[in-house]
Structures are given as structure tokens and as C-alpha cells.
Amino acid sequence: MRQQLLDVLRLLDTNPAPRGQERTATYRLRSWCAARWPHIEWQVQEYGREGGSLVAAHGAGPLLYSHLDTSLNHDGAGIRLITGDAAPVGPLGVAGDVVTGFGLGVARGPVAAALVAFAEAGAGRLLLAGSGTHRRAGGITGLEAYIDAYPLPRSAIVAKCGPPTLLWHEPGALYLTVRVTGRSGAAMAAESATPPGGVVASAGVILDELARWRTAYLAADPRLGQTGRACGIGAIDSGWPDKPDLLPAQMRIGLYVVAGDQVEPKALAAELADRLRMRCAESVLRNCAVDVEVEPVASAAATPTDAPVVTAAWAAWLDEFGSPPPTVTGWTGSTDGVVLRACGVETVRLGPQAKPAADDPRCDELSLAQLTAYARIYRRLLTELPA
């Protein structure tokens with residue numbers, strides 16, 4: 001199994017699958033799988049303009065799910081904007097038990113484990129979906145296309161890196177965009193803008209209030225089940241970088257918000273907008289308009305702890321690792337598991353633990369022994385869970 005995992009990881013490493021543009025990589029993966037495991041019918045489900053997911057089945061049974069795309073592309077603009085590093089990312093490396101490479105933690109490690117487990121199980125269904133990472137205005141996802149085209153199973157296993165435990169409860173998530181709009185002006189005449197000096201010069205007012213709001217939001221976390229809340233500012237933009245002599249009229253701040261409880265996105269956005277307007281009224285931004293736009297991703301969802309998929313995964317974990325899954329609270333990572341649960345599919349999530357590579361934090365390190373252990377659990381669940 002270890003060698004098969006390495007073979008899949010090397011294939012994935014040489015075939016990037018940008019979010020929403022996975023089709024070419026998926027067809028190459030299908031061809032490789034068909035040559036390796038010709039007794040299985042491997043299919044590419046196309047969706048959108050360039051999206052693609054790998055689908056296969058050994059008849060009815062539980063669904064083993066992971067996704068092909070990574071949050072960033074190893075050579076795209078996104079990785080340079082996020083990491084500040086424009087140097088090329090190195091290829092996959094193996095040193096003893098440790099495998100190092102780009103995208104291993106976000107997708108490729110669990111994908112390899114799921115693919116090998118499914119091929120060896122001879123039971124269940126496999127979906128390696130495109131567009132599995134969160135993105136604003138991301139369009140249809142591979143899982144949504146699959147749900148539209150295939151009958152839903154009773155249960156599903158999400159193969160995804162995460163905490164060293166078994167998850168049956170995952171939080172929801174949403175995006176917020178704060179827009180502060182005044183009047184444009186010229187840097188040579190600071191008073192020509194509203195507020196004087198422009199909205200960017202007074203960004204601290206908004207950022208300070210957002211920090212206060214974040215503190216209050218996190219403090220109100222009811223800590224239901226295994227999940228918790230989180231919130232972070234991930235983007236700020238304003239103006240035209242080529243013309244900093246012009247003072248822009250608008251500033252935009254993007255936030256990612258995680259909720260382990262049932263939060264009403266529109267109400268949350270309205271509450272934040274009211275709070276920011278009150279703060280601006282007491283500052284130089286008093287004559288500016290403030291709006292908060294919300295884009296929900298998914299709502300928090302849990303599978304009952306006595307569901308067959310949970311009890312089977314619990315037993316498989318105990319047998320594989322020799323002790324029960326550790327208790328976890330406050331978990332803030334959300335996957336497509338919440339989408340499956342919203343459709344009535346009893347779902348668990350489990351997978352290896354990745355960490356940033358010592359030589360290049362843009363890459364991840366994974367233990368091959370650990371990856372193999374999770375592949376064995378996936379294989380067992382596919383064979384033991386009822387159709």
C-alpha cells in the first residue's frame with residue numbers, strides 16, 4: 001500500500017488541478033487508474049466550463065469523498081499574493097517515512113489514501129471532487145454536480161487532513177465583505193477626498209472596530225459538540241497600485257467567518273454593519289457609507305453519534321490506533337461534509353495530520369505510515385458499512 005500511495009502522490013504532484021479547472025488533471029488521473037486497476041470503471045464527471053471530478057463505484061455502498069483541488073496553485077498568482085514568495089515550488093520529496101510536497105495537506109495526501117483504499121476495497125463508491133476548497137463566487141462545486149447526477153448514499157466518509165481524531169460534527173462558514181465608501185481625491189490635495197486624506201488613511205478605524213467585533217463574536221461561542229467559532233481578515237484592497245497619487249473612494253475588507261452553531265448570515269452581516277456605522281459616525285469617516293455583504297458557504301451540521309458510520313469509524317479507529325478517538329472541542333475546519341449532512345447523508349471525517357515543511361512552509365509534510373493507517377481505515381469502512 002505504501003508504494004501505491006507514493007505512486008498516486010507523484011502523479012498528483014505532476015498534474016496540478018486548479019480549482020474549477022481540474023478537468024485535464026482528472027482525465028489523466030482516470031487514464032492512470034484505468035491502467036492500474038482495469039477491473040474498475042473510472043469516469044470523469046464534467047461540470048462548469050473546466051471542472052472535473054473522478055467518480056467510480058463497486059455497486060451500492062458508502063461514499064468515500066475527497067477533493068482534487070488545493071487552496072492555492074503551486075505556480076499561480078494566489079500563492080505569491082498569500083505567501084509573498086515567487087520562487088518555484090520544489091517537486092515531491094520522500095525521506096524515510098516523511099513525504100514532502102505542495103498541497104499534500106489540503107488535498108493530495110487524503111486523495112491518495114482514498115483512491116488506494118477504494119481500489120483495494122472492492123466495495124462502495126468514490127468521489128474525488130473538483131472545487132472542494134472554499135472560494136468566493138466559486139460557482140458550482142464537484143460535490144453539487146455529483147448530488148445532481150447520482151443517488152445519494154446512506155453514509156459517507158470524508159478523507160481530509162484534520163485533527164488527530166474522528167469528526168462527526170463540522171462547522172459552517174461564510175464570507176463577509178465590508179465596503180467603506182467616501183469620495184475620491186488627489187494625494188497632492190488631501191482635503192479633496194472624503195474623509196481628508198482618503199478612506200485608506202483611516203482604515204485603522206474600521207480595523208479596530210472589526211477586532212472588537214471579532215472578540216465579541218468569539219466570546220459568544222456556545223461550543224456545541226465538537227465545533228467552535230473563528231474569524232479572520234484575509235483581504236484588504238483599495239485604489240489602483242499604479243496610481244497611488246490618486247486617493248480612492250472605496251475600501252474593501254474581506255473576512256472569513258466560521259460558526260459551529262447555527263448562525264443566520266444576513267443577521268450577522270446586518271449587526272456588523274450597524275456596529276461599523278456607529279463607530280464611523282464618531283470618527284473622520286462620519287460622511288462615508290458603510291455596507292456589509294454576506295456570502296454563505298454552508299451551515300454547521302452534525303451526524304448522530306449512534307449512526308452506523310460513526311460507530312463503525314469509532315471501532316476502526318480503536319483497532320487501528322489502539323485507543324479511542326481523542327475528544328475534541330472548538331474545531332473550526334469546515335469541509336463538504338456539511339453539504340452531505342445537509343442532504344441527509346450520515347457523514348464522518350478523518351484523515352492524517354500535515355504540518356508545514358521545514359525547508360519551505362508553502363509545502364506540507366506527511367507521515368507515510370500515518371497515511372497508510374488512514375487508508376486502511378477507509379478500506380475497512382467501505383467493506384463493512386451497509387449499502
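**Pocket, cavity, helix α8 and cysteines**

The lining of the largest pocket draws at least two residues from each of β3 (63-67), α3 (77-83), α4 (104-121), β9 (172-181), β11 (230-238) and β13 (250-259). The model is a predicted one. Of these elements, β13 puts in the most, with six residues. In total, 39 residues line the largest pocket, and those nearest its centre are S71, H134, R135, Y175 and Y256. The space inside the largest pocket comes to about 1300 Å³.

Enclosed space is a separate matter. Searching the whole structure turns up two cavities of 30 Å³ or more. The largest cavity holds about 100 Å³, and its lining is made up of L11, L12, N15, A17, A25, T26, L29, H67, L68, A107, R108 and V111. Three elements, α1 (2-13), α2 (23-36) and α4, each give two or more residues to that lining. Helix α4 thus turns up twice, as it also supplies at least two residues to the lining of the largest pocket.

Turning to helix α8, its length can be checked with simple arithmetic. This helix runs over residues 308-321, and its 14 residues should span 20 Å at 1.5 Å a residue; the end C-alpha atoms are 20 Å apart, so the two values agree. Buried along α8 are V309, V310, A312, A313, A316 and W317. These residues sit on the same side of α8, because the arc they cover around the axis is only 165°. The spacing fits a general rule: an α-helix has 3.6 residues a turn, so residues three or four places apart point the same way. As for what this buried side meets, the buried residues of α8 pack against two strands, β7 (155-159) and β16 (346-350), and against helix α10 (368-384). Just after α8 comes G322, with a positive phi near 85°.

Finally, the cysteines. With a cut-off of 2.5 Å between sulfur atoms, the number of disulfides comes to zero. C161 shows why: the closest cysteine sulfur to its own belongs to C363 and is 14 Å away, which is too far for a bond. The surroundings of two cysteines can be described as well. C161 has 10% relative accessibility and therefore counts as buried, whereas C343, at 36% relative accessibility, counts as partly exposed.

Note on methods:
Residues are numbered from 1 along each chain as its sequence is written. This is a predicted model: local features need pLDDT of at least 70, side-chain atom pairs count only at pLDDT 80 or more; totals for chains, interfaces and linings use all residues. Side-chain values use heavy atoms; hydrogens and water are left out. Helices (H or I, at least four residues) and strands (E, at least two) are DSSP runs, numbered from the N terminus. The expected span of a helix is 1.5 Å times one less than its number of residues. Buried means under 20% relative accessible area, exposed over 50%, partly exposed in between (1.4 Å probe, protein chains only). The arc is that of the directions from the helix axis to the C-beta atoms. Contact means heavy atoms within 4.5 Å. On a 1 Å grid over the protein atoms alone, a cavity is a set of points where a 1.4 Å probe fits but cannot get out, and a pocket is an open set with protein on both sides within 12 Å along at least five of seven lines; lining residues have an atom within 4 Å of a point. Grid points are joined across faces, edges and corners, and a volume is the space filled by probe spheres set on the points.
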